[in-house]
Every structure is written in structure tokens, then in C-alpha cells.
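User: Could you take a close look at one part of this model for me? I would like to follow the salt bridges and then see how one of the helices involved packs against a neighbour.

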Amino acid sequence: ISLGSIYNAIINPIAWVFGKILDFLFMGLHAIGLGNIAIAIIVFTFLVKILMLPLTVKQSKMMKLNSIIMPEVRKIQDKYKDKRNDQEAMLKMQAETKAVYEKYGTSQMGGCIQMLIQFPILMAMYRVIQYIPMYVGQLKNLFVNILTGTDGGIMNVSGYAAIMAEKMTGRMTNVDWGNIDSAVTAMNSFSADQWETLKSLFPAYAGMIAENQTKITEMNTFLTIKVSQNPTFGLGIAVLIPILSGLSQYISVKVSQ
């Protein structure tokens with residue numbers, strides 16, 4: 001059994017649950033006229049943070065507690081630093097270290113447990129946000145309309161996969177255009193120029209592509225930022241996303257300390 005299969009066995013079920021929650025949130029927001037992916041992500045992130053709050057509080061307490069414990073532990077380590085080869089002395093050092101942690105009602109593994117629990121949750125959350133169309137049904141359906149619509153889609157065009165691989169892949173070298181999920185994921189990150197290219201490659205479906213593209217863009221755009229695009233300096237204010245994320249993380253760490 002590979003580490004990758006173990007990782008997926010843990011992350012996939014959590015991502016599936018999170019995906020259902022996000023899809024439900026989006027449907028609710030859409031019903032009240034707020035069918036926007038960014039708004040759904042904000043609400044979804046807030047809910048996940050609330051669910052993780054007990055773990056976050058415990059981890060913060062452990063960080064504070066460790067700042068008190070570690071000076072005492074270092075004193076013990078200094079006490080036995082010249083007896084590294086003395087097995088009996090090392091056993092005494094371990095016993096004294098354990099006693100320090102017990103005095104404060106914790107263990108040496110106390111902080112690690114919270115991190116081990118939070119890690120798969122955060123990874124599953126990242127996966128859901130990374131592959132949004134795979135989890136938000138209404139968004140995915142718009143892409144599927146383009147690919148295999150009820151009146152036919154671009155997948156029905158002879159040589160479709162070869163055309164897409166040659167003209168649309170660009171830096172997306174691992175796209176399997178014959179697979180709907182793979183194609184949807186790739187198309188979700190299309191730029192405006194790539195959408196125009198797609199229409200020119202399949203002129204018979206240009207109107208249908210444009211109709212669905214408009215709805216996709218509306219769902220993916222928030223305050224002029226296209227949340228489906230990777231933030232870069234070439235995308236204007238979208239670059240504020242990683243900057244604000246880093247700043248908020250820094251403030252969060254400072255406050256928790």
C-alpha cells in the first residue's frame with residue numbers, strides 16, 4: 001500500500017463530506033439570488049473554522065503551555081547533557097521530563113495530536129476549493145452543457161480531443177480531454193482569451209458556449225476577481241488574495257500567542 005493511497009483514503013471521504021456541504025451552501029445562496037462561488041467559499045470556510053475552533057483553542061493552549069514547559073525541560077536536558085551514553089541517566093532524564101509534562105496536565109505528544117487531526121481536514125478543504133466544479137453541481141452542469149449538451153456538445157465533434165490537446169492545453173499538460181471531469185477542471189481555469197479560442201475552434205457551438213460561459217463567469221467573479229484563476233500580477237487586484245491571506249495568517253498567529 002503506497003503513501004498516496006493511504007493519503008487519498010483519508011482525504012477523499014472528508015473532501016466528499018465538505019463537497020456536499022459546499023454544494024448545499026451554494027444551492028441555498030443561489031435560491032436567494034447570491035449564487036456566487038466566492039460567497040459560498042467564504043461561508044464554507046467560516047463554517048469549517050467554527051467546527052475546528054475547539055482544536056484550534058487546544059492547540060493555542062498547548063503552544064502557550066509549551067512556552068512554560070520548555071525552559072524546565074531544557075534544564076533537565078542540560079543536567080544530563082554529559083551523560084548521553086549512560087542508559088540509566090537517560091532513563092532518569094525521560095522520567096523527569098515526563099513528570100514535568102504531567103505536572104502541567106499534558107504529554108509530549110499533546111500538541112501533535114491536534115495537528116494530526118487538523119491536517120486531513122485542511123487538506124480536504126483545500127482539495128474541495130481547488131476542484132470546485134467537481135463539488136458544486138450547478139457550476140459543473142454549465143461545463144457539461146458545453147461538452148455534452150442535450151442538443152450535442154463539442155465532445156461530439158470529430159477529433160475533439162486532438163483539437164483541444166493541440167490548441168487549448170497550453171501549460172495544462174496533464175488534461176485528459178476525453179474525460180469529462182478532467183475537461184471540466186481544466187476549463188474552469190480558462191482565461192477570456194481561451195474562451196474566445198474555444199468558440200473559434202467550434203463555431204457551430206459558439207452561441208451555446210457563450211451562453212454557458214456568461215453564467216460560469218458570473219458564478220466565478222467576485223468584486224471583479226475571477227476566483228477560478230490563479231492569482232498572478234497579470235490579473236490585477238487578484239494578487240491581493242495571497243497577500244491578504246499571508247497577512248491574515250500573520251495576524252492570527254500573533255493574536256493566538
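Analyst: Happy to; here is a walk through the salt bridges, followed by a helix pair.

Please keep in mind that this is a predicted model. Searching the whole structure turns up 6 salt bridges, among them the three described here.

Let's begin with Glu-166 and Lys-167, whose side chains form a salt bridge with an N to O distance of 3.9 Å. Glu-166 has a relative accessible area of 61%. Exposed means over 50%, so Glu-166 is exposed.

The next pair sits in helix H9, which covers residues 192–201. Here the side chains of Glu-196 and Lys-199 meet in a salt bridge at 3.0 Å, N to O. The two residues are 3 residues apart in H9, about one turn of the helix. The partners fall into separate accessibility classes: Glu-196 is partly exposed, at a relative accessible area of 46%, whereas Lys-199 counts as buried, with 15% relative accessibility. The cut-off that matters for Lys-199 is that buried means under 20%.

Helix H10, residues 206–220, holds the third pair, Lys-215 and Glu-211. Their side chains meet in a salt bridge with an N to O distance of 4.0 Å. A salt bridge is counted within 4 Å, and the value for Lys-215 and Glu-211 is 4.0 Å. Lys-215 and Glu-211 are 4 residues apart, again about one turn of the helix. Both count as partly exposed: Lys-215 has 38% relative accessibility, and Glu-211 has 48%.

Lys-215 also leads us to the helix pair, since this residue belongs to the contact between H10 and helix H6. Two packed helices are described by the angle between their axes and the distance between the axes. For H6 (residues 137–148) and H10, the angle is about 160° and the axes are 9 Å apart. That angle makes H6 roughly antiparallel to H10, because angles over 145 degrees count that way. The crossing of H6 past H10 is left-handed.

On the H6 side, the contact is made by Gln-138, Leu-139, Leu-142, Phe-143, Asn-145 and Ile-146. H10 contributes Met-208, Ile-209, Asn-212, Lys-215, Ile-216, Met-219 and Asn-220. By residue type, this contact comprises 8 nonpolar, 4 polar and 1 charged. Lys counts as charged, so the charged residue in the contact is Lys-215. Lys-215 thus appears in both parts of this tour: in the salt bridge with Glu-211 and in the contact of H10 with H6.

Definitions and conventions
Residues numbered from 1 in each chain as written. Predicted model: local features only at pLDDT ≥ 70, side-chain atom pairs only at ≥ 80, totals over all residues. Heavy atoms only, no water. Buried < 20%, exposed > 50% of the residue type's maximum accessible area, 1.4 Å probe, protein only. Axes fitted to C-alpha atoms, helices over the stretch in contact; angles between N-to-C directions. Parallel < 35°, antiparallel > 145°, perpendicular 65-115°, else oblique. Left-handed = near helix turned anticlockwise from the far one by under 90°. Contact = heavy atoms within 4.5 Å.
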